[in-house]
Amino acid sequence: MKRILGIVLAVLLTAGVAAAVIAGRDSKDTGTATTTVRGVIGSEKAEFFEDPDVVKALAAKGLTVRVETAGSWDMRDLPLDEYDFAFPSSAAPADELRHWTKIRGGPVRPFYSPLVVVAHTSAAEILARNGLATLGGDRHTTGTLKMDAYLRAAEKDTTWQQLKGVEGHQELSGTLFVTSTDPLSSNSGALYLAAASYVANGDTVVADPAGIRRTQGLLRKLVQVQGAQQSSSDGPFRDFTSGVGNPLVLVYEQQVASLLLAKTDPGELTVLYPDTTVSSDHTLVPVTEGGRELGEALRTDARLRELAVRHGFRPAGAAPEFTAATAPYADYLNQKLTGVRQAPVPTADVLNEMAERARG
Amino acid sequence: MRLRLIAVLLACAALGACTGGGDEEDRAVTGGTVRILASSELADMEPVLAAAREATGITVEATYSGTLDAVETVAEGKADGRYDAVWLASGGQLRLRPDVARKVVSQTPVMASPVAFGVSAEAAARLGWTDPEHTSWAQIQRAVADGKLTYGMTDPLRSNSGYSALIAVASALSHAQSALTDADVQRATPGLTEFFAGQSLTSGSSGWLADAYLHQGTAEALINYESVLLTLNRDRHTDFTVIRPSDGVVTADYPLAALTSAPPDVRDRVRALTRYLLGEDAQRLITERTLRRPVTASVDPAEPLPPGKRRELPYPGSRSVSDALLASYEHKLRRPARTVYVLDTSGSMKGDRLRDLKAALTELTGGGRRFRDREEVTLMPFGSAVKSTRTHTVRPGAPDAALEAIRADVDALAAEGDTAIFSSLEAAYGYLAEAADDTPYLTTIVLMTDGENTAGSSAEGFRGFYEALPRERRATPVFPIVFGDSDRSQLAGIAELTGGRLFDATEGPLDAAFEEIRGYQ
């Protein structure tokens, strides 16, 4: 009986889909039926687009969205004419993709998220004890990473074994470093270099060859110590939450917030906000009219903005929604970004040159 | 849109209940087949993939391969059009190849397992390793260097578990504080040479390594994924103490990625499959059935997986370091190979078959995967009996002399006579008994034949001969190649008896079979 019901269901669903496809075709010009738009996105946004509620909210706006993930800078190498939009994780890679746009209208920045460092609490406590971080929250679940002190430690190839209080933590050995993604492939890795170079360049954005030369030794250290890096930010975060890999990992605040908002036990987690960081303003580059419609919907639709918050993003503009939604997790999140300074991002050319020299 | 909603509502009404959510959307993309090129140990995912088919309608057609061979396949463009996705033990190898990185999208880690050291309970007790949480690569290396332990490990040129172990041991012995450099590799070389002298078993894949370990019974330890070792304990009653060395591990995180060459709707299927695999039900099934670690934070690892943290040792960041380490393993660090080729050159091999055989062997005398420095290669062509026995040793620093001599011998092969398979195998074992000396060779026999046995000893006669051999001679496996009109079941019997593995050259080219066997030599 169950089986027969299943078949009936399948037939009905197939009919429904076929009807939708036909309806879509018939009325595409009128703009009232669902249009399927394909896009390539930064991996941290995959769970957002695959959330059934997001799918439903987009359908209500007449959109069916299909996504694939790639590193924001790797999107340059993809055949974008197969897609309706690209959705890298910040403005610089988006600029490089703009020539694919076939329609009027520029890129859209519906939401943003600052870069943070997730740490095992025991590791964060050792950083604090050695003056590299300050901690808050009853259980030391949030804090600030002192970039200046951290970069000085990195410059000197400081190892965990050299820090006070490391006894009894056999997993804490080897050079102290933050894991990031490949700065040539991925936005978060490149923004890590942007923040570090700003501090190393005397709190000035690097804008010329002299600045690139001045900071390249340090940036090279930050990258080379990591060995092979992943090309997209979802991977390192998944590794971290499953207990694999380095105890310090650079991720978007959104990835952590999304985990907390889903009421998942985060395990032994401290969220460190670098005192100088960079926010990634996720930037949708429309290629076709359908892509532009999606960008508009994400920017303006109240339901979609609410769902973006559920996935940990801070909607553009004033964002009381974010503060309200994350109130229960203020032990982990620095909701108002108190004491966090935003470093400006170098131009795409400079960033690229810095990444090349750091990786090469 | 409205029409579809009505249909869904009807379906809900028919069932009397509706699970709601995005089911209708999933149904729209799913169903159909995804062809995946996968690391060989993923064969244990069958029950999870069956559940995935049940839940999503997507059928996975998997082709299994060594991880590094798979990377090569993708790099050369041979995966385009043949596969829709790759599912490898680790993305580390892909990351070393920017040309490959461009061929994949939606790369997402699905589960994790560190490469570990499994040691028999008896040996662990003897060595005093009572606390696996606090045993290091440095201690393991010392025990092996002192001759107290031998172990099996896969070929790091082909398989990710062997490659990961090579990185881990090199990092530990050089006291590298971050990603390996050429200087670290140099510093580790003396210790690595001692360590690899204890490797008594090699394999092109981690699955066969476990079979060979059980068959051969001479090694007391196995380097493999934590999941493979714990599964052996559970399913095949081994008693491994599983050590995740305290000075660091390399962990496989099994990223599933779509190939950009696949059509968009098929890539959507890959994403739908990934989404399913990351769900709580699938993650729970994965950790319970395969004893890998889940990557979805809300799912706990299965019971036998200990929680203690480990330092993660990074993959080398540059291809030159990686290539130098592998070349060093191949030509300097590992035990040398003693390889006997028992080659059917009976009358039936005349023409194309003999030409293919010559080409396949000649390919092993040049290029990146040639016969290794220090390797001893013996050619035993046979017809009605063994026709000749010619041995060449590849000298480090001057490999060309031996390689040229092998090429000349291969070129001189001529097809003539009947097919005396079993007598010739007996002759090969006889030759190895005479040649035995103190060098700790990894010894193997390759049997290539295109027909049935028509002369000399019978299968039964050979079985009696083999079983009467002393234990250390029986440890040499035969790798038969099915080719032309050879009798598959007869050759499978030889592989089973001697602890070897059957290779098939009736579907693919002969040179690919010879090349694949290199991983076992």
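Which residues of α11(B) are buried? In this predicted model, the buried residues of helix α11 of chain B are Ser206(B), Gly207(B), Trp208(B), Leu209(B), Ala210(B), Ala212(B) and Tyr213(B). The elements that cover them include the strands β6 (151–152), β7 (199–201) and β8 (221–225) of chain B, together with the helices α9 (160–174) and α12 (226–235) of chain B. After α11(B) comes Gly217(B), whose phi is positive, near 65 degrees.

The place of α11(B) can be set against the domain division of chain B, which comprises domain 1 (22–110 + 253–294), domain 2 (113–251 + 310–327) and domain 3 (336–520). The centres of domain 2 and domain 3 of chain B, taken over C-alpha atoms, are separated by 30 Å, and contact between these two domains of chain B involves 11 residues of domain 2 and eight residues of domain 3. To the side of domain 2 of chain B that touches domain 3 of chain B, helix α11 (residues 206–216) of chain B gives the most, with four residues. The residues on that side of domain 2 of chain B divide into three nonpolar, six polar and two charged.

Chain B also contains an open sheet of six strands, in the order β15-β14-β13-β16-β17-β18, with mixed pairing. Because β15 (390–393) and β18 (503–504) of chain B stand at the edges and each has a single partner strand, one side of each is left without a neighbour in the sheet. Within the sheet, strand β13 (residues 337–344) of chain B runs parallel to strand β16 (residues 442–449) of chain B and is joined to it by seven bridges; in β16(B), Met448(B) is the bridge partner of Leu343(B). Helix α18 (residues 421–435) of chain B packs on this sheet, where it touches β13, β14 (376–382), β16 and β17 (478–482) of chain B, and its direction makes about 160 degrees with that of β13(B).

The largest nonpolar core has 212 residues, and those with the most contacts inside it are Ala195(A), Ala85(B) and Val86(B). Helix α7 (residues 187–200) of chain A gives the most to this core, with 10 residues. When residues up to four places away in sequence are not counted, Val86(B) touches Leu37(B), Ala70(B), Val74(B), Ala79(B), Val104(B), Ala257(B) and Leu259(B). A second, separate core of 46 residues includes Val377(B), Ile421(B), Val446(B) and Phe483(B).

Strand β11 (residues 255–259) of chain B has five of its five residues buried, and it is therefore largely enclosed by the rest of the structure. Strand β3 (residues 85–87) of chain B runs antiparallel to β11(B) and is joined to it by three bridges, with Ala258(B) in β11(B) as the bridge partner of Ala85(B). Strand β4 (residues 104–109) of chain B likewise runs antiparallel to β11(B), to which four bridges join it, and Pro109(B) stands opposite Pro255(B) in β11(B).

In chain A, Gly339(A) lies in the loop between α13 (320–326) and β12 (341–342) of that chain. Gly339(A) counts as exposed because it has 10 C-beta neighbours inside 10 Å, the cut-off for an exposed residue being 12 or fewer. Apart from residues up to four places away in sequence, Gly339(A) touches Thr144(A) and Asp275(A). From Trp100(A), Gly339(A) is 239 residues apart in sequence and 39 Å apart in space, C-alpha to C-alpha.

Methods
Residues numbered from 1 in each chain as written. Chains lettered and ligands numbered in written order. Predicted model: local features only at pLDDT ≥ 70, side-chain atom pairs only at ≥ 80, totals over all residues. Pairing = 2+ DSSP bridges. Helix = DSSP H or I, 4+ residues; strand = E, 2+ residues; numbered from the N terminus. Contact = placed C-beta atoms within 7 Å. Axes fitted to C-alpha atoms, helices over the stretch in contact; angles between N-to-C directions. Domains from an automatic or database assignment. Nonpolar A, V, L, I, M, F, W, Y, C, P; charged D, E, K, R; others polar. Core = buried A, V, L, I, M, F, W, Y, C linked by C-beta atoms within 7 Å. Buried ≥ 20, exposed ≤ 12 C-beta atoms within 10 Å, placed from the backbone.
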